[in-house]
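Colleague: I would like to go through the charged pairs and the backbone of this model with you, one question at a time. Could you take me through the reasoning behind each answer?

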Amino acid sequence: MKIELTKTSQSESVLVAFAVNAKQGKESRLKLTHLELGQRLKSAIEDKELSPQPLETVLFRDIQFDGFRHVLVVGVSEKPQHEHIRQLAASVHGALKSAKTSSALIHFDGLPHSKKDSASFLQALTEGLLLTNYSFDELKTKKKDKDTPKEILVRIQTKTASEATMKRAFHEAHILAESVNFSRRLGDMPGNLMTPTILANTVLAAVKGTGIKATVWDKARIKKEKMGGLLGVSNGSDQEPRFIILEYKGAPASKKPICFVGKGLTFDCGGISIKPSASMEEMKYDMCGGANVLGATLAIAKMKLKVNLICLVPSTENLVSGSATKPGDVHFARNGKSFEVNNTDAEGRLILADALCYASEQKPQIIIDAATLTGAIVVALGNTHTGYFTRDKALKKKVETAADHSGEWVWNMPLTDFHVKDMKGTYADLSNISASKGAGSATAAAFLEQFVEPGIPWAHFDIAGTAWSVGSRLPYCPKKGASGAMVRTFVELAKQF
Ligand code: BES
Ligand code: ZN
Ligand code: ZN
């Protein structure tokens, strides 16, 4: 899909126009926001032949209106928010695809909005179209249906197309959607084709021309750097682990960096504490935390945000073999703290421990981590909200603002000293599983907290419920595939530093 901004009404194959169900007392009346089209379709409206609910579409084939062959009418709510527009874009995308059209003009000024919402609505519409356009079919050998046009050209028509804020919003939408789609692809790739080495090499290729400096540590270097958590998890695998470091300098060197950390488990079978077979294939997504902070970093660099950023991704497989870490084994993290591995399936926290130590050493303003860390967060929040943990009030505010702007749903979860107590070890400093029942996501967060230097504001995002298979909630996300959760929110967050 190619999207352009235009001021004039060029005739394309399809005109996309909007219909609002305006409330009048108890009754509601359909109104087309494109006035001339409203005149033309007057009888269809009066006969209730045309009455799409918000997000529904009606296609008028071969209607020949004002140079357009077809007209697509899309229902929109009376006072939409930008997230509604993102979802509406998914409806438009679906309808254009089914119509097998190759070009369309969207009557953007017909979306009900005030002047101050123009840029964010344009951004949401563009993002929604490009995010919906993502598909992961590179591993399929069968060629696509010949009748379906290869590419759809979509022109978004608005009188304000030449305003700087509109151009900027349009440009940022492209960068964001491309970055989210980059992260999604990393997640969707199966474990054999997205090993830690392949992940690192893919990142090295992706940063070219962005101004990002990328460094990749191999197993020998990881050992030398005393990353006992990452090494311990990788023990059972024939694939070498990697530690990926990205550095972006968008501000003077005197400005402290912000730090992103992401869990990069390219496959998690649970290790010796092996997972059940059912749905185990989904554990290729266990690197989505890493994939998504990488995507956010690319977006921040491409937008040239005035921030210094360090992005860290510890990456390994968690498998079974004669050399795999066994329940009861004790390892030492980079900061010298020891931990008993009482369940080898609680491995994400072990590799994040080393990365959080390294992040703390950089003396950053904040540390943000993302991880598909616990099944418990799926029980608590399902696939709608990403649960996040922080004890820092100012950072909590910033996270909420960022999520408001991105449209992604987050939910603040509790993290207390009780949870910390639950993670004490019997033979080592810490245990990787809780001594108490329940609150599995909070106790995991409490474990992570032991590796963040006190005083550095830190927030942990558990994306286990939102990293993939959210299509039932968000129409611009794939039904089953990776979603790219939190990429947009983390970019918004970076804008506040
Ligand atoms: N990668 C999983 C968490 C996960 C589970 C993500 C299901 C998405 C869906 C993680 O490594 C894990 O297995 N965690 C264990 C921890 C437990 C053993 C304390 C879990 O949540 O069951
Ligand atoms: Zn696990
Ligand atoms: Zn895992």
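Colleague: Does Glu172 count as buried or exposed, and at what relative accessibility?

Modeller: Bear in mind that this is a predicted model. Residues under 20% relative accessible area are classed as buried, and because Glu172 falls under that cut-off, it counts as buried, at a relative accessibility of 7%.

Colleague: With which residue does Glu172 form a salt bridge?

Modeller: In general terms, side chains of opposite charge can pair when their charged atoms come close. For Glu172 the closest N and O atoms of the pair are 3.0 Å apart, and the partner is Lys495. The two belong to distant parts of the chain, with Glu172 in helix α5 (residues 164-188) and Lys495 in the segment after α15 (487-494), and their separation is 323 residues. Lys495 itself counts as partly exposed, its relative accessibility being 35%, so the answer to your question is a partly exposed residue, Lys495.

Colleague: Which helix holds both Glu83 and Arg86?

Modeller: The side chains of Glu83 and Arg86 meet in a salt bridge with an N to O distance of 2.6 Å. Glu83 counts as buried at 14% relative accessibility, and Arg86 is buried as well, with a relative accessible area of 2%. The two residues are three apart, about one turn of the helix, and that helix is α3 (residues 82-98).

Colleague: How many residues apart in sequence are the parts that Asp345 and Lys275 tie together?

Modeller: Asp345 forms a salt bridge with Lys275, in which the closest N and O atoms are 2.9 Å apart. Asp345 lies in the loop between β14 (338-340) and α10 (348-361), whereas Lys275 lies in the loop between β11 (264-268) and α9 (288-302), so the parts tied together by this pair are 70 residues apart.

Colleague: How many salt bridges does a search of the whole structure find?

Modeller: The pairs discussed above, among them Glu83 with Arg86, belong to a longer list. A search of the whole structure gives a total of 27 salt bridges.

Colleague: Turning to the backbone, what is the approximate phi of Asp62?

Modeller: Most residues other than glycine have a negative phi. Asp62, which is placed in the loop between β4 (57-60) and β5 (70-76), is partly exposed, with a relative accessible area of 42%. Gln64, found in the loop between β4 and β5, has a positive phi near 50° without being a glycine. Asp62 is likewise not a glycine, and its phi is positive, at about 50°.

Technical notes
Residues are numbered from 1 along each chain as its sequence is written. Chains are lettered from A and ligands numbered from 1 in the order in which they are written. This is a predicted model: local features need pLDDT of at least 70, side-chain atom pairs count only at pLDDT 80 or more; totals for chains, interfaces and linings use all residues. Side-chain values use heavy atoms; hydrogens and water are left out. A salt bridge is a side-chain nitrogen of Lys or Arg within 4 Å of a carboxyl oxygen of Asp or Glu. Helices (H or I, at least four residues) and strands (E, at least two) are DSSP runs, numbered from the N terminus. Buried means under 20% relative accessible area, exposed over 50%, partly exposed in between (1.4 Å probe, protein chains only).
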